Amino acid sequence: MTKKYWGKAGGLLISLLVLALGFLVFTPFLFMFAQSMRMPAEAYKMPPDFFPTRWDLTNYATLLNSDLPLVRMAVNSLTVTLCTIVVRLTVSIMAAYAIAKIRYRGSNAVMIGFLSSMMLPIQATIIPIYIMLSRLGLVNSLPGLVIVGVFDSFAIFMLRQSMASVPDSVVESAKIDGASQLRICWGIVAPMIKPTIATMIVLIFNGVWNDYFLPYILISSWEKMTLPLGINALKGYMGSGNQSVILAAVSFAVLPILIIFLFGQRYIVEGMTSAAVKG
Amino acid sequence: MSRQSGRMAGMNSRRKDEIAGWLFTAPALLMFLIFVLIPTFAMLYLSFTSYKMLTPPTFTGLSNFIRLFTKDSRILTVSLNTLKISVISVVLNVVIGIILALLITNRKNGIYSYIIRLFYFFPNIVAPAFIAIVWAILLARDTGVVNYYLHSIFGLQPMGFLTEGGLALGSVIGIDIWRNMGFIMFILLAGIRAIDRSYYEAASLDGANTFQLARHITIPLLTPSILLVMVINIIGELKTFDIPNIMTEGGPNNATRTVAMYIYDTAFSKMSMGYACAISVLFVAVIMVVTILQFRLSNRWVNYD
C-alpha cells in the first residue's frame, strides 16, 4: 500500500521535473519575445526579461516603418512556400499514381532512380544548379527558388506507399465505368489518401518556410529575400547595436508559426514523426 | 472474332495505360533530369577541371583530388568538425530522448501532453536561421544571458561560447541537441507505446522492477527504432550549414566550419568551382554510405515489425 503510494508520488514528481525541464527548453523563445518589447537603450540591461514587463510595440513599429522590406519578405516566404506546396504536390501525386497504380513498364526503375536521389544532398549539387540557373536567368528570382524545389523523391515515395494501400479493384471498377486515368488519379485515389497529403503539406511547409541555404545561394536583392535570409541580412545591416529590434524581427517571423503550432500541434508532431519512421 | 476484338481492345487500353503512365511521370522525370541527374554528372565532370565561372572549365585530371587528399589541411578539420557535430549530437540526443520518453510514457493526460509537445517540439519547427540569431544573443561573451547567469549563480567568469574553438563547436552541438530533443523523444515515445503490454505484464509477474523492465524489455525492443532515428538524424546533421554559418561564420579559425560550409566557401567566395565539386564528390560518397546503411536498417526494421 505505502509502496504504491510512493510510486504514485514519485511518478508525479518525475512528470513535474520533465515539465520544468521542458519550460527551460522553451525559455529562449520567451526571452526572444520579452526582449523584443524592451527599448533599444535598455536591451542589454541585466537581468533579462522572460516575460514582457510592458507591452511596447515600438520596435515592431520601427521595423515596419523602416525602409527594410520586412513585410515584403514575409509575402515572398509565403508565396514561395505556397507555390512549392502546390506544384510539388501536383507533380508528386501524378508520378506516385503512375508508379503505384498504372504500373507501366519501367515504373519500378523510375522509382529506384528517384530514390537514389536521396543520396544527393542539395549542398553537393548546388554548384551546377547555380551555374544552370544563372544561365537561365533564374538566379535572384522567386520562380528560381520554386523550380529547384519541385522534384522531391521523398514526397513521391511517401505518396506511392500510401496509394499502394488503395485496393486495385477500386481503380479497375472505375476504369470499367469509363473513367480516365486523370479522373481516377484526382477524383478517386487522391481523396483516399488525404491524411498522407496533409502530412506532406506540413513537411513541405516546414522545409520550405524554414529554408535558408537555397535563398542564401540564389537570392541577393532585399526585395526578393525570404524571411530567414532577410532577417539575417537585416542583422548584418543593423549591426549588433539593435538587439531588441532584431529580436522583434525574429518574433515577427516566429509568432505566426507558434500560433499555427498551438492549434495544430498534435497533428504536426504526429505527421512529422510518423513520416520520419515510414521514410 | 469477338474474342479477338476483345483482346485487341485489351491491348489497346494496355498501350493507352503505358502512355498515360509515362505522361503522368513526365513532369517529375523532367525535374529529376534537370535538377538532380544533370547537376550530378556536371559535378562529377567539373571535379576534374579548374573552373572559375568567367572562363570555360579546363580539364586538369586528378589534380583536384590529389590536392584534396594530400595538400588540403582544412578538409581534415572541416570533416572532423562535421563528424563530431553529427555523432556527438545524435548519440546524446538518443540517450536524452530515451530517458525523457521512458519518464513520460505513462502520462497520457491531454493537457500535460499538450504542454510537453509545445515545450519540447517547438524548437524543431522554428527555422535554424532564427534559432541561430536568438542563441548568438544568448551566448554572447559579455552581454549574453547565459554568461550572466553562470556568473550570478555559480560565480563563473564570462566564457567565449562562440569565440573559443572547442567551446564554439560545443555550442553548435548543444544547440543541435536542443533543437532535435523533442523530435527524437516523440519518435521513441511512439516506439515505446507500440510495444505489446503483455511483455511487461509477464515480467512484472516474475517480480521485475521498473529499471529491469526498461533495461531488459523496453530498450531491446526499441533498438530498431533507435538505430533508425540515429541514421536519419546523422544524415541531417552531416549537412549542417545554417547555424554555424550564421552564429560563428565557421570561426574561430575554422573550429566550427562544416563540409557544406567549406563547399560553399570554396565555390562562391573563392570562386574555385572545380575544386568545390571535388569536395562535393567526397561529400556525396560519405552520404551514400550512410544512406545505404539506413536502407539496410529500415529493411530490417520493417521485418521485425
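Domain bounds, as used here, come from an automatic or database domain assignment. Keep in mind as you work that this is a predicted model.

**Exercise 1. Find the domains of chain B and say how far apart their centres lie.**

Step 1. Start with the assignment for chain B: domain 1 covers 2–46, and domain 2 covers 64–304.

Step 2. Now take the C-alpha centres of domain 1 and domain 2 of chain B; they are 40 Å apart.

**Exercise 2. Compare the span of helix α9 of chain B with that of a straight helix, and locate its kink.**

Step 1. Helix α9 of chain B takes in residues 210–238. At 1.5 Å a residue, a straight helix of 29 residues would span 42 Å.

Step 2. Between its end C-alpha atoms, α9 of chain B spans only 36 Å.

Step 3. Look along α9(B) for a bend: there is a kink of about 55° at T223(B), shortly before the proline P224(B).

Step 4. Finish with burial in α9(B). The buried residues include T218(B) and L222(B) ahead of the kink residue T223(B), and S225(B), L228(B) and V229(B) after the proline P224(B). Further along, I234(B), I235(B), E237(B) and L238(B) are also among the buried ones.

**Exercise 3. Describe the side of chain A that touches chain B.**

Step 1. Count the partners: 67 residues of chain A are in contact with 72 residues of chain B.

Step 2. List the helices of chain A that each supply at least two residues to this side: α1 (2–35), α3 (70–102), α4 (107–116), α5 (122–135), α11 (213–218), α12 (227–238) and α13 (243–278).

Step 3. Pick out the main contributor, which is α13(A), with 13 residues.

Step 4. Sort the residues on this side of chain A by type: 51 are nonpolar, 14 polar and 2 charged.

**Exercise 4. Decide whether L103(B) and A132(B) are buried or partly exposed, and find what they touch.**

Step 1. Place L103(B) in helix α3 of chain B, residues 73–104. A residue needs 20 or more other C-beta atoms within 10 Å to be buried; L103(B) has 16, so L103(B) is partly exposed.

Step 2. Leaving out residues up to four places away in sequence, L103(B) touches I14(A) and V18(A). Within chain B, L103(B) and L189(B) are 86 residues apart in sequence, with their C-alpha atoms 9.7 Å apart in space.

Step 3. Turn to A132(B), in helix α5 of chain B, residues 128–138. A132(B) is buried because it has 23 C-beta neighbours inside 10 Å.

Step 4. Setting aside neighbours within four places in sequence, A132(B) is in contact with D242(B), I243(B), I246(B) and M247(B).

Terms used:
Residues numbered from 1 in each chain as written. Chains lettered and ligands numbered in written order. Predicted model: local features only at pLDDT ≥ 70, side-chain atom pairs only at ≥ 80, totals over all residues. Helix = DSSP H or I, 4+ residues; strand = E, 2+ residues; numbered from the N terminus. Expected span 1.5 Å × (residues − 1). Bend = angle between axes of the 7 residues up to and from the residue. Buried ≥ 20, exposed ≤ 12 C-beta atoms within 10 Å, placed from the backbone. Contact = placed C-beta atoms within 7 Å. Nonpolar A, V, L, I, M, F, W, Y, C, P; charged D, E, K, R; others polar.
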